[in-house]
Amino acid sequence: MSWSQSGLMSSKSTNTSAKYSYFDFVKKPIEIYVFVDPLCPECWSLEPYLKKLSIEYGRFFTIRPIISGHLNTLNKDKFDKPKRLRDIWEKTANRTGMSCDGDLWIENPVSSPWIASLAIKAAELQGKKAGRIFLRKIQENVFLKKQNISDEAVLMECAKQSNLDIEEFRDDLYSTSAKKAFQCDLKLTKEMEVDYIPTIVFFNQVSEEEGIKISGLYPYDIYVQVLKQILQKDPVPSSKPPLENFLKNYGVVGNKEISVVYDWTTAKTEKEMKKLLLRRSVEKIPVKYGTFWRYNDE
């Protein structure tokens with residue numbers, strides 16, 4: 001298995017195929033590694049595009065989040081500069097439309113970032129899907145609710161929101177298995193020379209072609225272009241689900257996510273969500289930037 005930064009970046013390659021069994025890749029032809037950090041606002045801003053890609057082309061790929069831990073290592077000095085971190089978050093929220101409240105770093109700073117990363121790997125021990133749901137809940141709690149996601153009580157609440165087995169999660173949180181899984185993610189980050197987050201690497205598991213690595217945030221069309229390139233075909237996107245089905249599936253979503261997925265203007269999204277609000281199908285979540293909604297599943 002190898003990768004290259006073709007098109008947008010210079011070309012390099014590595015081989016890590018020996019670390020993964022055939023059964024990891026047997027279901028769908030494409031594996032997408034998404035290198036993220038739970039405290040990275042740009043990783044949070046990637047969410048609308050990942051949702052749209054999953055809806056339109058998810059039949060071709062599986063997503064594997066890789067917890068890079070870069071904020072814990074490369075950018076460690078930033079944790080001594082809460083005002084600087086607050087400014088980064090505020091600027092990112094303004095630019096991307098995905099709310100992240102930088103006041104967290106003044107009011108309720110995350111004391112031990114590595115614990116949140118470890119918790120995600122502990123959640124993954126209950127299944128890849130459980131891990132992805134838990135990662136999302138971690139992001140919601142830190143970016144929207146200004147919660148200290150290194151606090152064990154907050155992590156337990158995230159586990160509850162993710163419908164995890166709470167006792168199993170508590171046992172796994174500081175376990176050797178979770179620590180080893182996190183170390184594997186950090187090793188993979190280093191091996192693939194990921195020096196910026198978010199980074200996405202697309203692999204075609206049924207061909208000998210090189211993978212393609214994209215660092216940073218790009219317009220949605222770029223991700224589609226890369227997916228088609230690595231599939232070596234031009235598939236028709238799947239149709240969008242009804243809005244209520246989308247909301248029910250994800251539980252908590254932002255206007256930006258809805259607008260991106262449905263190709264709607266902000267005004268159109270607000271109009272459609274107002275209808276659902278009047279029917280009490282959703283409730284509005286108070287956030288600093290943009291608008292987020294919680295689906296009422298009753």
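Is Trp105, at 5% relative accessibility, to be counted as buried or exposed? In this predicted model, Trp105 counts as buried, because a relative accessibility of 5% falls under the 20% cut-off. Trp89 is likewise counted as buried, with a value of 1%.

These two tryptophans also meet each other. Their ring centres lie 5.5 Å apart and their planes stand at 85°, so the contact is edge-to-face. Trp89 belongs to helix H3 (residues 82–96) and Trp105 to helix H4 (residues 104–107), and the pair thereby links parts of the chain 16 residues apart. Both rings take part in an aromatic cluster with Trp44, Phe143 and Phe292.

A search of the whole structure returns eleven aromatic pairs. One of them joins Tyr33 and Phe203 in an edge-to-face arrangement, with 5.1 Å between centres and 70° between planes. Since Tyr33 sits in strand S2 (residues 30–36) and Phe203 in strand S4 (residues 199–204), this pair ties together parts that are 170 residues apart in sequence. Tyr33 and Phe203 are both buried.

Aromatic rings meet charges as well. The charged end of Lys51 is placed over the ring of Tyr250, 4.5 Å from its centre, and that of Lys268 over the ring of Trp264, at 5.2 Å from the centre.

Helix H6 rounds off the picture. Its 17 residues (128–144) span 24 Å from first C-alpha to last, close to the expected 24 Å. Of these 17 residues, 13 are buried, so H6 is largely enclosed by the rest of the structure. Just after H6, Lys146 adopts a positive phi of about 55°.

Terms used
Residues numbered from 1 in each chain as written. Predicted model: local features only at pLDDT ≥ 70, side-chain atom pairs only at ≥ 80, totals over all residues. Heavy atoms only, no water. Helix = DSSP H or I, 4+ residues; strand = E, 2+ residues; numbered from the N terminus. Expected span 1.5 Å × (residues − 1). Buried < 20%, exposed > 50% of the residue type's maximum accessible area, 1.4 Å probe, protein only. Phe/Tyr/Trp six-rings, centres within 6.5 Å; stacked < 30°, edge-to-face > 60°. Lys NZ or Arg CZ within 6 Å of the ring centre and 35° of its normal.
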